[in-house]
Every structure is written in C-alpha cells, then in structure tokens.
Amino acid sequence: MSCKLIVLYYSRHGATRALARQIARGIESVPQCEALLRTVEDFSPSDAKLHDPIITLEELKSCNGLAMGSPVWFGNMAAPLKHLWDQTSPLWLAGDLIDKPACVFTSSSSMHGGQETTLQSMQLPLFHHGMLVMGIPYSIPELHTTKAGGTPYGASHVADSALQGLSQDESELAKQLGKRLATTALKLVKE
Ligand SMILES: Cc1cc2nc3c(=O)[nH]c(=O)nc-3n(C[C@H](O)[C@H](O)[C@H](O)COP(=O)(O)O)c2cc1C
C-alpha cells in the first residue's frame with residue numbers, strides 16, 4: 001500500500017519552497033508514504049524557474065492528504081494559491097476531500113508580519129472542504145525553543161536576510177509536521 005501526500009506550495013523567492021522540502025522529508029520518513037511536491041501557476045510574468053510540477057485537480061482529488069504553503073502576502077495567502085481553491089467547486093460538490101488530513105506552512109520576512117493570519121487563511125478552504133486540519137503539538141520540543149518560525153497552527157520560517165535559510169528548529173518543526181500528516185493519513189487509509 002502506498003499513501004500519497006501532496007506538498008502544495010507557491011514560492012516566488014524560494015523560502016516557502018525550502019519549508020516544503022522539509023515537510024516532504026518528514027512525510028517520506030514514514031514507511032509506505034510518498035510526498036508529491038506540487039506548485040501553482042503564477043499570475044505575474046516571472047522568469048523564476050518552476051522547480052516542481054503544477055498541480056492538477058485530479059491529483060488533489062486523489063491524494064491521501066495535503067500540506068499547503070504560501071508566503072505571507074499582506075497577512076494573507078498569495079493569490080495564485082487562492083485562485084486554485086476558487087476552481088475547486090466540483091471537488092467540494094462531490095465531497096472529494098472530506099476526511100483527508102491537511103496542514104499548512106508559511107514564510108514571511110518579519111517575525112510579526114502575519115504568519116498566523118496567513119496560516120489561518122489557508123486553513124479556511126480546507127475546513128470548507130471537510131478536511132481534517134492539524135497543527136503542531138507542543139509535545140515537539142522545538143516548538144518551545146524556536147527563536148524564529150514554527151507555530152502550533154503550522155510550520156513557518158522567518159526569512160530574515162541576515163540569516164541563512166531555515167533555522168534548525170524551523171526545519172525540524174516542518175519535518176515533524178510532515179511526519180504527523182503522513183502518520184495520520186496512513187492510519188486513515190488502513191481503516
Ligand atoms: C506582495 C508581497 C506582500 C508581502 N507581505 C508581507 C507581509 O505582510 N508580512 C511579511 O512579514 N512579509 C511580507 N512579504 C515578504 C514575504 O512574505 C517573504 O519574503 C517570504 O519569505 C517570501 O517567500 P518566498 O521566498 O517563498 O516567495 C511580502 C512579499 C510580497 C511580494
């Protein structure tokens with residue numbers, strides 16, 4: 001049996017993508033679980049290279065679970081990701097995503113620049129679709145020690161230009177979230 005978890009993200013400058021990679025590593029640490037990294041189409045003309053395939057509605061429909069990540073854009077999820085959800089009425093009508101586990105992650109340039117509101121903005125469509133939305137429990141030690149990103153609502157990264165990439169705590173919290181998502185999805189598939 002194989003459990004397929006989609007790690008869906010939008011990232012213009014690579015910070016959210018770095019978190020997505022750690023979530024995928026956490027997913028793949030669980031036997032029988034596979035992480036599919038997917039992105040969405042950009043609106044604005046950009047010469048940024050696409051690092052992963054663009055998601056299809058069919059893939060979303062048939063996954064066993066979903067992690068979704070966006071940069072903080074004015075305290076909210078980025079429009080290209082919101083646009084994807086605005087096309088999911090057929091899945092909502094059919095109840096295709098009901099009871100599938102899901103989690104969210106984000107990156108911002110400042111510590112108090114809207115990570116929690118952005119995480120919550122991504123959770124809203126997941127709740128409407130009947131998904132089982134999960135966060136990070138405080139039993140994970142790094143949630144107590146982090147001096148940067150990482151929240152009970154989801155994984156996060158503060159992309160401070162003085163710092164190089166994800167902190168160890170941010171990275172571990174993202175991996176643990178991916179592992180939790182995969183472990184839950186596997187239990188549900190076996191039910
Ligand atoms: C349109 C736009 C709006 C943004 N709004 C915020 C914001 O409200 N708070 C914040 O801390 N950073 C904000 N940022 C910075 C990004 O959230 C930050 O650079 C993030 O790490 C980028 O992620 P990426 O590298 O995955 O694109 C904004 C950036 C853009 C382009």
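In this tour, contact means heavy atoms within 4.5 Å. Before you start clicking, note that this is a predicted model, in which local features need pLDDT of at least 70 and side-chain atom pairs count only at pLDDT 80 or more, while totals for chains, interfaces and linings use all residues. Residues are numbered from 1 along each chain as its sequence is written, and side-chain values use heavy atoms, with hydrogens and water left out.

**First stop: W73 and F74**

Select W73, in the loop between β3 and α3; helices (H or I, at least four residues) and strands (E, at least two) are DSSP runs, numbered from the N terminus. Leaving out residues up to four places away in sequence, W73 touches Y10, R12, A78, A79 and P80. With 29% relative accessibility, W73 counts as partly exposed; on this scale buried means under 20% relative accessible area, exposed over 50%, and partly exposed in between (1.4 Å probe, protein chains only). If you draw a C-alpha to C-alpha distance from W73 to L91, you should get 26 Å for two residues 18 apart in sequence.

Now step to F74, also found in the loop between β3 and α3. F74 is exposed, at 89% relative accessible area, and has a positive phi of about 50° although it is not a glycine.

**Second stop: the ligand**

Show the ligand and the 17 residues around it, among which S11, R12, T16, V72 and S107 come nearest. Here a residue is near a molecule if one of its heavy atoms lies within 4 Å of it. By class, this shell has six nonpolar, ten polar and one charged residues. For that count, Ala, Val, Leu, Ile, Met, Phe, Trp, Tyr, Cys and Pro are nonpolar, Asp, Glu, Lys and Arg are charged, and the others, Gly among them, are polar. Colour α1 (15–28) and β4 (101–108), since each supplies at least two residues of the shell.

Which protein atoms should you label here? Try the backbone N or O atom of V72 that lies 2.7 Å from an oxygen atom of the ligand, and the polar backbone atom of A15 that is 2.8 Å from a ligand oxygen. Then find the side chain of S109, where an N or O atom is 3.1 Å from a nitrogen atom of the ligand. The protein covers 79% of the 650 Å² of accessible area that the ligand has on its own, as computed by the Shrake-Rupley method with a 1.4 Å probe; for residues, only the protein chains shown count as cover.

**Third stop: helix α1 and R17**

Stay with α1 and check its length: at 1.5 Å a residue, its 14 residues should span 20 Å, and its end C-alpha atoms are 20 Å apart, which agrees. The expected span is 1.5 Å times one less than the number of residues. Its buried residues are T16, R17, L19, A20, Q22, I23, A24, G26 and I27, and they pack against β1 (3–9), β2 (33–39), β3, β4, β6 and α7.

Zoom in on R17. Is R17 buried or exposed? R17 is buried, with a relative accessible area of 19%. Residues up to four places away in sequence aside, R17 touches Y9, S11, H51 and D52. The side chains of R17 and H51 are joined by a polar contact of 3.2 Å (a pair of N or O atoms within 3.5 Å; within protein, one must be able to donate a hydrogen and the other to accept it, and residues adjacent in sequence count only if both atoms are side-chain atoms).

**Fourth stop: α5 and the loop after it**

Next, select α5 (residues 115–128). Its buried residues are Q115, T118, L119, S121, M122, Q123, P125 and L126. Their cover includes β3 (65–71), α3 (79–85), β4, β5 (132–133) and β6 (155–158).

Move on to H129, in the loop between α5 and β5. H129 is buried, with a relative accessible area of 7%. Neighbours within four places in sequence aside, H129 is in contact with W85, T88, L91, W92, L97 and I98. Just after α5 you will also find G130, with a positive phi of about 80°.

**Last stops: D99 and α7**

Jump to D99, in the loop between α4 (89–94) and β4. D99 is not a glycine, yet has a positive phi of about 70°; at 47% relative accessibility, D99 counts as partly exposed.

Finish on helix α7 (residues 168–190), where 23 residues should span 33 Å at 1.5 Å a residue, in agreement with end C-alpha atoms 33 Å apart. Its buried residues include L173, L177, L181 and A185.
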